[in-house]
Amino acid sequence: MTTVGHLPEETSSFVGRRAELVRLHAALTVHRMTTLVGTGGVGKTRLALRAARAAAGRYEDGAWWADLSALPDHGLLLPTVSDAVGLADHSLRMPVETLCEWLEDKHLLLVLDSAEHLRVPCSHLLAEVLTTSPGLTALVTSRQPLGTRGEHVIAVPPLPVDGAPDALQLFADRLRSADPRAGLDTPGDEAAATEICRRLEGIPLAIELAVASIGRYSVAQLAARVGSRFDVPAQHGGGPAACGGFPRTPAASGPSAGAPAASGAPAASGTPAALGASASDTSRLDLPADATAWPRRHRTLRTAIGWSHELCTPLERLLWARLTPLRTDFDAAVAREVCAGGPLTEAEVDRALQGLVAQSVVQRDGDRYRMLDTLREYGRMWLTELGEARAAADRHAAGFLGLARRAHDGWTGPDQVSWYHKVSDAHLDLCAALEHLLAHDVAGAQEMAGRVGFFWACCGHLSEARNYAQRALDAGPVEGPHRTRLQWVLGVAALLQGDFGTAEKYAALCKATALYDRNDEGMLGATYLCGLTLLMTGEPAAAREAAERVLRMTGSVPADSAHRLRCRLITVFALTALGRLTESEAAATALRRACERAGEYWTRSYVDYQLALIALLQGRPAASAAHARSMLAGKHRLRDSFGIALGLDLLAAAIAAQGAGAQAARVYGTGHAYWRMVGHPQRGTPELGPIRETCELQARAAVGDEAYQRAFDRGRTDNAEVGLAAALATDLQV
């Protein structure tokens, strides 16, 4: 994401579109909702991204991007949009209510990309947020208008091919990006490239796919082959032209055109039978923006994709199809795990992946890969024709169950932060895998929901954690550690949402199950949950007694076990709450050393929080501020907005106690912004409330109410990352 706005980086050159950008700039100035419509591959996303980047500076809160292309249905629409605008809801309210409240005073541009398959839910959502958020402007890309009241529609045409150099410029740019030495220098090349662009109707994706075949063909040869494809007369009914395909020709025969039966690929591609398509099939690829305006361009794109598919080797085609269940960007290891099988060995996956990159079917950014939704849809139809749809979904689910297992095992260790980010970034794929497992492998779903639930709770996906854990429990009998983990996840998610009654209920169930199973780690987890609930409800003595008893009972559990470290944290919290600060500091220092040895950040950050609180209570505000900043650095690495909110409140108190009233007020304001991010008013451990009030009075007394309010408002309205960076600075401004 860029510093201009929360927008994806542009990884290739942007060509033309001056008139469209002028129109879009004017539309964003006048209209609160603008939808860019056009056929697939015409460049709606790139146009929206360029326009959003140019407009971001006009919005006090910047521009924010939500990619909807990977969502199979509306179920994850709200969480995806909430993630996109920085909201990690920890409340029990309706998600749309929390989102509206978060956006109500924001002045920002929200971009919803690829909304055509979610037109009705997107329309309803935008109607809600545009009504409650007067400073919000929405920009949508879709193959059809959403139909929302007040929607301003701009049709996105292909690049001009007559009288303007844009399409030819795109051809030349993509040629040079593949090979910096390449160009249109041979006599006749420029005319041939112009003819290719004309045949391809100026559709950017079709041009990029055609350019990718330069190397095996000269530009002149490519022009001839494109001409032979696009001169096929239109047919009616279920013929090739009707579905955007084309008949095989002698030039397309041979090993690159069709795969032998042993490879699992059909003998021909680009035809209705090979695609599993018929005149009645309707897919997102078959959905033009306007049935009267776009059909020729639609057929042109389908033909270009079909030709690109024919030029792939059989194993590249197979990989293209098998990659389609992936919802998010992926690396080579994920591709191997999800796609390998039969003739597509792991080594062949690597080779075929590079082939698809060379063909522009897959885009590469560093060590990450992604497939455009239009190309994914084509591959999905191919997967169906191969009869592999269920097998591919099974492999996808198994692969992400494996990720959940490895992440769970690696939680306490030097790669904790890395695993945290992998789970967070794979959220949509994990949800898709869980949906599949709930339908086809209940035991796998129960294991997965239990193993990934704590990550989701830490990432702020509390509703999903509770939903999937509950559905997994309800799906069928489950015993042993998997049942304990599911109960524990439900309790932790409920606790973080402030639902203490439910947290207490599942803590008791988790403890009973662990006792019955003689599961020491389950006992430690249940005690952590129970102890934290007791602390939050003002019973620190009971929390300490429970934690110390179970720690003694489970001495055989390794000292660096995640559950053991968390249970020790309960003891530290309880001792602080009981006013036994010397004991608490000693216990916290020992626990921090244990976390450092294990490479554990999550528990260590809360130990730093306790050390900061202890130092403040002991009258050592400078030491308190240092510990609070250490906590904030750890929570920032884990993207834990809830933890950051807690840490900022404590840091502000420590700064105020040192006499820096305006600086403390700004940090308090930034903390307020983070509390809003998690959908909560300020809340934390019970003992922090009086401290916060005292230190706020100190800060106001130091600088006066007017200066305090100005600094607080600055922290509250600043970009949250900017405010956090300012809070982490160590110079005192007394």
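A residue counts as partly exposed when its relative accessible area lies between the buried limit, under 20%, and the exposed limit, over 50%. The model examined here is predicted. Its salt bridges number 39. Three pairs and one network are described below.

One pair joins aspartate 425 and arginine 639, whose side chains meet in a salt bridge at 3.0 Å, N to O. This pair links distant parts of the chain, 214 residues apart. Aspartate 425 belongs to helix α17 (residues 416–425). Arginine 639 sits in the loop between α28 (621–637) and α29 (641–657). Aspartate 425 has 44% relative accessibility, so this residue is partly exposed. Arginine 639, at 40%, is also partly exposed.

A salt bridge also connects aspartate 718 with arginine 666, with the closest N and O atoms 2.8 Å apart. Aspartate 718 lies in the loop between α32 (705–717) and α33 (720–728), and arginine 666 in helix α30 (residues 661–677), so the pair ties together parts 52 residues apart in sequence. Aspartate 718 is partly exposed, at 24% relative accessible area. Arginine 666 has 17% relative accessibility and therefore counts as buried. Elsewhere, Glu10, Arg46, Arg50 and Arg53 form one network, joined by salt bridges that share partners.

Another pair lies within a single helix. Aspartate 173 and arginine 176 form a salt bridge, their closest N and O atoms 3.0 Å apart. Both residues lie in helix α6 (residues 166–178). They are 3 residues apart, about one turn of the helix. Aspartate 173 is buried, with a relative accessible area of 16%. Arginine 176 is partly exposed, at 36% relative accessibility.

Notes:
Residues are numbered from 1 along each chain as its sequence is written. This is a predicted model: local features need pLDDT of at least 70, side-chain atom pairs count only at pLDDT 80 or more; totals for chains, interfaces and linings use all residues. Side-chain values use heavy atoms; hydrogens and water are left out. A salt bridge is a side-chain nitrogen of Lys or Arg within 4 Å of a carboxyl oxygen of Asp or Glu. Helices (H or I, at least four residues) and strands (E, at least two) are DSSP runs, numbered from the N terminus. Buried means under 20% relative accessible area, exposed over 50%, partly exposed in between (1.4 Å probe, protein chains only).
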